[in-house]
Amino acid sequence: MVKVNVDMASSFIRAVLPRLACRHLKIGNNCNGRYLYGCNKRWVSSGSDLVQVEQDDSDNEIVVLKMNVKPVNACTAEFNNAMTKLIKDLDADEQSKGLILTSTLPNVFSAGLQLTALHGKSYDEIKEYFSTFQTMAHTLFTSRLATVAAINGHAIAGGCVIALCCEYRVMAEGKFHNGLNEVIVGIPMPAWVSAYTVYALGTNTAEKVILSGKKHTPREALQVGLVDQVVPPDDLIQVSKNILSDLIKVGDYPRRLSKERLRKELLMFSL
Ligand SMILES: CCCCCCCCC/C=C/C(=O)SCCNC(=O)CCNC(=O)[C@H](O)C(C)(C)COP(=O)(O)OP(=O)(O)OC[C@H]1O[C@@H](n2cnc3c(N)ncnc32)[C@H](O)[C@@H]1OP(=O)(O)O
């Protein structure tokens, strides 16, 4: 399990964050959705039913993971752990080469951290919860698979982070937002999230995106590099599959090793 560096933020978390989270959202029993689970050809078990798994290409090389935590794909600890397990299982499965990450929900990719999980919790509980999110993000970021985020709705804060962990991001046109609003919510941006953002956007743009806390339209997200492509919603999955097919055409070993070498520089921020 990746450990979260919470030293600098410990008093903040204890004293302020739960209050801010409460103020930001109506606290209620709002993450009690029903979960679906399906797979066309073979099962890759997450040990839970929070993520739909589809392997629908003829070679079983491409896997589609659909986040499925109603109503907004808030990243519960159970979801984070399920995602981590799934990605690790796929990494260990030599047949799998590429991963598309999307959502079952029509308008939301992910709303990020489950803010309600922070309310009324002890410091240790909050720390443990954060570490499940960081472990999931770290596992996705360092996966040997080629990864494409098919962003079919809002991708806010941690939802945007999940997309940034992927190699390529395609977003559907629509009245959606994509951004890192942590500073607005009241969360000082953790160094590892900043590092992932810098990796994807470059330092100067990452600083603007993080410090503004701005939520971008798909077109604005494209301009700042939060996404690589914006497409009509109906084309999202097919475009993502086409991109992934190109990515995995490259020899598996050189690709895998190059990705590892490129991304390992950032691990110092993550561990
Ligand atoms: C140092 C160590 C540090 C380590 C810390 C590591 C941090 C890593 C960085 C990550 C930080 C974060 O993710 S912080 C999370 C920030 N996330 C957000 O600010 C997103 C807030 N949500 C939204 O903006 C919107 O809900 C949005 C996603 C666009 C969907 O809008 P909609 O109109 O479709 O839906 P809504 O009506 O708003 O929401 C539907 C219900 O879902 C709930 N809901 C919405 N977002 C939720 C959320 N994130 N968590 C829980 N519940 C949420 C609402 O309260 C509603 O509940 P009911 O009223 O009961 O129905």
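**Figure 1. A sheet of 4 strands, S5-S8-S10-S11.** Two strands pair if DSSP finds at least two bridges between them. In this predicted model, an open sheet with mixed pairing is built in the order S5-S8-S10-S11. Strand S8 (residues 154-156) runs parallel to strand S10 (residues 178-179), and 2 bridges link them. For a pair to look for, start at isoleucine 156, whose bridge partner in S10 is glycine 179. S5 and strand S11 (215-216) each have a single partner strand, so one side of each has no neighbour in the sheet.

**Figure 2. A sheet of 6 strands, S1-S2-S4-S7-S9-S12.** This open sheet also has mixed pairing. At its edges stand strand S1 (51-54) and strand S12 (229-231); each has a single partner strand, so one side of each is left without a neighbour in the sheet. On average, neighbouring strands here are turned by 20° against each other, with direction ignored. Inside the order, strand S7 (residues 146-151) and strand S9 (residues 168-172) are parallel and share 4 bridges. Isoleucine 151 has methionine 171 as its bridge partner in S9.

**Figure 3. Strand S1 beside S2, with helix H3 lying across them.** S1 and S2 run antiparallel and are joined by 4 bridges. Glutamate 54 stands opposite valine 64 in S2. Is S1 covered on one face or on both? Both: Val51 and Val53 are buried on one side, and Gln52 and Glu54 are buried on the other. In a regular strand, side chains alternate between the two faces of the sheet. Helix H3 (residues 77-92) lies across S1, S2 and strand S4 (98-103), and it runs at about 180° to S2.

**Figure 4. Lysine 66 and its polar contact with glutamate 54.** Lysine 66 belongs to strand S2 (residues 62-67). The side chains of lysine 66 and glutamate 54 make a polar contact of 3.1 Å. Which residues does lysine 66 touch, once neighbours within four places in sequence are set aside? They are Leu50, Val51, Gln52 and Glu54, together with Thr102, Ser103 and Thr104.

**Figure 5. Threonine 104, in the loop between S4 and strand S5 (108-110).** Threonine 104 counts as partly exposed because its relative accessible area of 26% is neither under 20% nor over 50%. Its side chain makes a polar contact of 2.5 Å with the side chain of asparagine 68. Beyond neighbours within four places in sequence, threonine 104 is in contact with Gln52, Lys66, Met67 and Asn68. Leucine 65 lies 39 residues away from threonine 104 in sequence, yet the C-alpha to C-alpha separation is 9.3 Å.

**Figure 6. The largest nonpolar core.** This core has 71 residues. Those touching the most other members are Leu65, Phe79, Leu101, Phe109 and Ile162, which are good places to begin looking. Helix H4 (residues 123-141) gives the most to the core, contributing 8 residues.

**Figure 7. Confidence along the chain, with residues 1-12 and 18-43 in view.** The model scores ipTM 0.97 and pTM 0.88. Mean pLDDT for the protein chain is 85, and 80% of its residues reach 70 or more. Residues 1-12 stay under 50, although the model gives them 26 contacts beyond four places in sequence. Residues 18-43 are likewise below 50, with 68 contacts beyond near neighbours in sequence. Where pLDDT is low, predicted coordinates should not be read in detail.

Note on methods
Residues numbered from 1 in each chain as written. Heavy atoms only, no water. Polar contact = N/O pair within 3.5 Å; in protein donor to acceptor, adjacent residues only side chain to side chain. Contact = heavy atoms within 4.5 Å. pLDDT = per-residue confidence, 0-100. Core = buried A, V, L, I, M, F, W, Y, C linked by side-chain atoms within 4.5 Å. Buried < 20%, exposed > 50% of the residue type's maximum accessible area, 1.4 Å probe, protein only. Axes fitted to C-alpha atoms, helices over the stretch in contact; angles between N-to-C directions.
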